[in-house]
Amino acid sequence: MTTIQPALADELREQALRMGFSLAGIARPDASAHISFYRDWIEEGRHGEMAYLSRPDSVSRRADLDTALENVRSVLVVAHEYFVEDPIGVPMDPSRAVIARYARGDDYHDVIKEKLTALAQWLGERTDRDLSARAYVDTGPILERDLAQRAGLGWFGKNTMLINPKRGSYFFVGVLLLDVELPPDEPFVEDRCGTCHACLDACPTGALLGRDETGAPTIDAPRCISYLTIELRGVIPRELRPLIGNRVYGCDICQEVCPFTLKFSEVTGEPAYSPRTELDGPPLIELGERLLSLSGKGFLREFAASPVTRAGRKGMLRNVCVALGNWGSEEAIPTLASALADAAPLVRGHAAWALGQVGSSAALEVLSSRFEEESDLFVLEEIGLALGK
Ligand code: SF4
Ligand code: SF4
């Protein structure tokens with residue numbers, strides 16, 4: 001263990017801000033106060049299909065940072081902002097696809113990890129010692145946002161996001177575990193949501209459940225559009241499809257209505273987070289046709305280094321079909337007809353539902369023709385329901 005003067009903590013925070021982070025704080029590496037809540041959340045199955053969150057090693061390492069870095073003494077927590085404006089017409093135009101803001105540019109993991117690694121190098125040079133450090137950006141088994149609250153960066157809003165009273169919530173959190181003893185910041189203990197419930201009222205699927213008896217915000221993850229369009233690998237429950245609207249990857253609604261983001265969000269200065277044209281409110285038909293023309297591997301190549309690769313080609317096409325169904329325009333029929341002939345039953349089934357939503361005689365004709373040659377039971381069921389059989 002090495003003890004270093006407290007002034008170093010100020011220098012480290014300042015250096016983090018110079019490197020483009022908008023917030024920086026220091027937390028003690030104690031076991032997470034929220035780990036029991038996390039365990040309850042897992043036991044209640046609120047994590048849906050995100051099985052990696054419930055693995056025993058993952059849960060225990062979330063409680064003990066020592067297993068992530070031997071002799072960890074301090075944790076630097078940083079916030080990196082990603083807010084970008086919506087393009088004109090989005091999200092109101094139902095013929096355009098909405099992608100969550102954080103996913104319109106390049107993947108943030110590499111961007112933040114690179115900065116944290118540079119920061120660790122700076123600290124090693126500054127202290128002239130062989131530093132042990134480890135950077136995490138939600139890839140590691142660490143409850144980053146919990147550490148951020150303990151480092152004074154903000155509180156957990158009723159929308160489950162970490163909110164800073166002067167910056168809102170459009171930021172990623174990264175942590176740097178250090179074997180250097182640094183004085184911690186005061187945790188952010190106040191709940192600044194007060195009587196506000198704008199996010200609960202605005203959530204289209206009713207996924208936000210308010211605070212539990214301990215004051216922690218709770219979410220029914222399997223109802224959340226972010227989960228349904230990104231993490232869920234299979235069929236989107238029928239009753240939830242109409243509630244998804246034109247959101248094809250993630251959802252920002254509960255942040256968009258929050259008074260703190262409305263007041264304080266500023267467009268990010270990070271070039272890597274600038275929206276790619278093809279992910280900045282593209283026409284649904286254009287996006288659908290593009291995805292249909294790609295193989296699974298081709299999709300990964302075409303969208304390399306974009307967060308949307310997490311959903312995969314099938315997942316993205318499934319989501320686009322749902323959004324086309326919610327648009328309900330006859331203009332979508334040719335794209336949906338192609339999707340109804342896709343190799344993946346998941347895509348065909350959601351295309352069938354969408355054609356049923358369009359509901360015109362031309363759409364029903366496409367469904368009837370496919371019914372004759374379809375052999376997959378799920379797709380047959382969707383076609384049958386769409387045709388009212
Ligand atoms: S991300 Fe969207 S669906 Fe999920 S809780 Fe927030 S508003 Fe609801
Ligand atoms: S919208 Fe209101 S209740 Fe929801 S997180 Fe923001 S301040 Fe809290």
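**View 1. The surroundings of ligand 2 in this predicted model.** Gly-157, Lys-158, Asn-159, Ile-163, Cys-193, Cys-196, Ala-198, Cys-199, Cys-258, Pro-259 and Phe-260 surround ligand 2, where a residue is near a molecule if one of its heavy atoms lies within 4 Å of it. Two or more of these residues come from each of α6 (198–202) and α10 (259–264); helices are DSSP runs of H or I with at least four residues, strands are runs of E with at least two, and both are numbered from the N terminus. The shell holds eight nonpolar, two polar and one charged residues. Here Ala, Val, Leu, Ile, Met, Phe, Trp, Tyr, Cys and Pro count as nonpolar, Asp, Glu, Lys and Arg as charged, and the others, Gly among them, as polar. Cys-196 is partly exposed, at a relative accessible area of 29%; buried means under 20%, exposed over 50% and partly exposed in between, using a 1.4 Å probe and protein chains only.

A word on conventions: residues are numbered from 1 along each chain as its sequence is written, while chains are lettered from A and ligands numbered from 1 in the order in which they are written. Local features need pLDDT of at least 70, side-chain atom pairs count only at pLDDT 80 or more, and totals for chains, interfaces and linings use all residues, with side-chain values based on heavy atoms and hydrogens and water left out.

**View 2. The shell around ligand 1.** Around ligand 1 you will find Cys-203, Pro-204, Thr-205, Leu-208, Ile-219, Cys-224, Ile-225, Ser-226, Cys-251, Ile-253 and Cys-254. Here α7 (225–231) and α9 (253–256) are the elements giving two or more residues. By class, the shell has nine nonpolar, two polar and no charged residues. Cys-224 is buried, with a relative accessible area of 18%. As for disulfides, pairs of cysteine sulfur atoms within 2.5 Å, the count is zero.

**View 3. Helix α15 beside helix α17.** The axes of α15 (residues 345–358) and α17 (residues 377–387) come within 8 Å and cross at roughly 0°; axes are lines fitted to C-alpha atoms over the stretch in contact, with angles from 0 to 180 degrees between N-to-C directions. The two helices are therefore roughly parallel, a label for angles under 35 degrees. The contact residues divide into eight nonpolar, three polar and two charged.

**View 4. Ala-133 in strand β5.** Ala-133 belongs to β5 (residues 133–136) and is partly exposed, at 31% relative accessible area. Beyond four places in sequence, Ala-133 touches Leu-69, Ala-120, Leu-176, Leu-177 and Leu-178, with contact meaning heavy atoms within 4.5 Å.

Key:
Angles under 35 degrees count as roughly parallel, over 145 as roughly antiparallel, 65 to 115 as roughly perpendicular and the rest as oblique.
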